[in-house]
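Take a moment to turn the structure around on your screen. Then let us walk through it together, one part at a time.

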Amino acid sequence: MFSNNGFIILLTLLIALIASITPMPMGFDAFRPDWVLIALVYWCLALPSKVNIITAWVMGFILDVLLGSVLGVHACAMALSVYIIVDNFQKIRNFSIWQQALIIGVLSAQYHLVVFWLQRFLNDVVFLPNYLYPVITTIVLWPWVFLLLRRVRRHFRIK
Amino acid sequence: MNPIFNQGTSPAHRLILVLCCSVVLIFFDHKMSSFETVRGYLQTMVSPLQYFANAPKQIMNWASTNVVTRRQLMKENQDFRESELFFQEQAIQLSVVRSENERLRSLLSSPVRNEIKKMFAEILSVDSDPYSHQVVINRGANDGVYEGQPVLDEKGIVGQILHAGSSSSRVILISDISHAIPVRIQRNGLRLIASGSGQIDRLIHNFVPHSADVKEGDLLVTSGLGSKYPEGYPVARVVMVRTDESREFATIYSEPVAQIDRLRYLLLLSKEQPQNESKKQAINNTHSKKMTTTAGKS
C-alpha cells in the first residue's frame with residue numbers, strides 16, 4: 001500500500017476522518033457528507049489493488065471509535081458499501097461522473113440504513129428522515145472530490 | 001501496473017471475513033462490560049485526531065476572546081465583581097448552615113456528608129453519532145477521570161463518563177436512550193427513575209402509579225441511590241403529567257435542568273475526598289485505632 005507514494009492515500013483518508021468529526025454549525029450538522037465513504041470509493045475505483053474491503057473495514061472501525069457508536073457498526077456498513085464498488089469497479093469506472101454520483105448516493109443511503117438497522121437492533125433507536133440528509137450532500141460532493149482526488153493521484157503518480 | 005484480474009482472496013471472501021469480525025466485535029462491545037478497558041485504550045489512540053478536529057474551533061475561540069474591546073472587558077469585570085460579592089455572601093451563609101447541619105447530623109448519629117473533590121473540564125467540540133447523545137471532554141485518566149464519574153454543568157447533572165481515555169474521555173448524557181438516573185422529587189421525596197428518550201429536552205419516567213403525587217414544575221434531584229451520582233443535585237423539571245386511567249401507569253415527562261445543547265464547561269465529581277479531608281479522616285482513624293488498642297489492653 002505504501003509503494004509509489006501510497007502514503008498519500010492514507011493521508012487523504014485521515015483528512016476524511018477528521019472532516020467527519022469537525023464541528024459544524026447547528027443547521028448544517030445533519031447535512032455532513034460521508035467524507036470517508038467518498039474517499040474510499042474513489043480509491044477503490046482508481047486503485048482496487050491498493051484499497052480494498054479490509055481498508056474500508058478498518059476505516060469504519062476508526063470511525064466507530066471516533067463517533068462513540070458500538071464497535072463494528074460503521075465498520076460493517078462501510079465494508080458492505082465498498083464491497084459493491086469493488087465487485088463492479090470496471091463497470092462503474094466507465095460511467096459518466098453524474099451517473100457515478102447517483103451510484104454513490106445509493107451507496108450512501110445503503111450505508112446509513114445499515115447503520116440505522118444495526119443501531120435499531122441494538123438500542124431501539126427511532127428513525128428520523130434527517131438521518132438520510134447526508135445522501136444529498138454526498139451526491140453533490142462526489143464530482144468535486146473525484147476531480148480533486150484524480151488530480152492528486154496524477155500529480156503524485158500514485159499507482 | 002494494475003492487474004485486470006484481482007489477485008489474492010476474492011472480494012466476497014474478504015467481505016465474509018470482515019462481516020464475521022464485525023459481528024464478533026458488536027457482540028463483545030455490546031454485551032461484555034469487560035470490553036470497556038479496550039474502549040479506553042482506543043479512545044486514547046484516537047484522541048490526537050479529536051484534538052486536531054477541534055483545533056479550528058479553538059482558534060476561533062481564541063481569536064474572539066482576544067478581539068474584545070476595553071469597554072466590554074470593563075463591563076464584564078464589573079459584572080464578575082458584583083456576582084462574586086453575591087456568591088461570597090452566600091458562601092458565608094452556607095458555611096454556617098453546613099457546620100450546623102454537621103452538628104445536627106452527628107447528634108442524630110447519621111453519617112456526616114463528605115466534601116466531594118471536583119475537577120474542571122472543557123468540551124472538545126467534535127461530532128458524535130446522531131443515534132446517541134455523547135460529548136468528548138479534554139480530561140482523561142491522566143487527570144484522574146474514571147468510568148462512571150458524574151458530570152455536571154452550572155445548572156445540574158449532565159451525564160457520566162462512558163469511556164476514559166488517557167487525555168480525553170467520552171461523556172454519555174442523561175438524555176441518551178440507554179441512560180437512566182435515579183431521582184427524587186425535591187418537594188416530597190418521592191423516588192422516580194428518569195430515563196433518556198433520545199430527545200435532548202425530554203426525560204421519561206416509567207412505571208409511576210396514577211396515585212403518585214407529581215405535579216408539573218416539580219424539581220427532580222438525584223436521590224443518591226445506585227451510588228453513581230451523589231445526592232441532591234438538580235436533574236430535571238417535570239413538564240407534563242398525564243393520568244390517563246385507561247393506561248397502566250401515568251405518563252410523566254421532564255426537561256433536564258442542565259443546558260445540554262449549550263454545554264461548554266463541565267464539572268466532574270470524584271468519589272475520593274480532597275487531600276485535607278482525607279488527612280483529617282486518617283488522623284481520626286489512627287485515634288480510633290489507638291482507642292481500640294487501649295480498650296483491648298484494659
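**A walk through two chains**

In chain B, B:Ala164 has B:Ser169 of strand 5 as its bridge partner. Helices and strands here are DSSP runs (H or I of at least four residues for helices, E of at least two for strands), numbered from the N terminus. Before we go on, please note that this is a predicted model, in which local features need pLDDT of at least 70 and side-chain atom pairs count only at pLDDT 80 or more, while totals for chains, interfaces and linings use all residues. Residues are numbered from 1 along each chain as its sequence is written, and chains are lettered from A and ligands numbered from 1 in the order in which they are written.

Back to our pair of strands. Strand 4 (residues 157-164) and strand 5 (residues 169-173) of chain B are antiparallel and share five bridges; two strands count as paired if DSSP finds at least two bridges between them. Strands of a sheet pair through backbone hydrogen bonds, either parallel or antiparallel.

Strands 4 and 5 belong to a closed barrel of six strands in chain B, in the order 1-2-5-4-3-12, with antiparallel pairing. On average, neighbouring strands of this sheet are turned by 45° against each other, direction ignored. Helix 2 (residues 36-66) of chain B packs on the sheet, where it touches strand 1 (117-124), strand 2 (134-137), strand 4 and strand 5 of chain B. The direction of helix 2 makes about 105° with that of strand 4 of chain B. For such angles, axes are lines fitted to C-alpha atoms, for helices over the stretch in contact, and the angles run from 0 to 180 degrees between N-to-C directions.

In which order do the strands of the barrel 6-7-8-11-10-9 pair, parallel or antiparallel? The pairing of these six strands of chain B is antiparallel, and the twist averages 40° from one strand to the next. Strand 11 (residues 250-256) of chain B is joined to strand 8 (residues 203-208) by four bridges; here B:Leu203 stands opposite B:Ser254, and B:His205 has B:Ile252 as its bridge partner. Strand 11 is also joined to strand 10 (residues 234-242) of chain B, by six antiparallel bridges, with B:Met240 opposite B:Tyr253. In total, chain B has four helices and twelve strands.

Now for the interior. The largest nonpolar core has 57 residues; such a core is a set of buried Ala, Val, Leu, Ile, Met, Phe, Trp, Tyr and Cys residues joined through C-beta atoms within 7 Å. A residue is buried if 20 or more other C-beta atoms, placed from the backbone, lie within 10 Å of its own, exposed if 12 or fewer, and partly exposed in between. A:Val36 and A:Leu40 are among the residues with the most contacts inside this core. Helix 1 (11-31) and helix 2 of chain B are among the elements that give two or more residues to the core, as are several helices of chain A, including helix 3.

How many residues of chain A are in contact with chain B? There are 35, and they meet 35 residues of chain B, a contact being two C-beta atoms, placed from the backbone, within 7 Å.

Finally, look at A:Pro48, in the loop between helix 3 (35-46) and helix 4 (53-67) of chain A. A:Pro48 counts as partly exposed because 19 other C-beta atoms lie within 10 Å.
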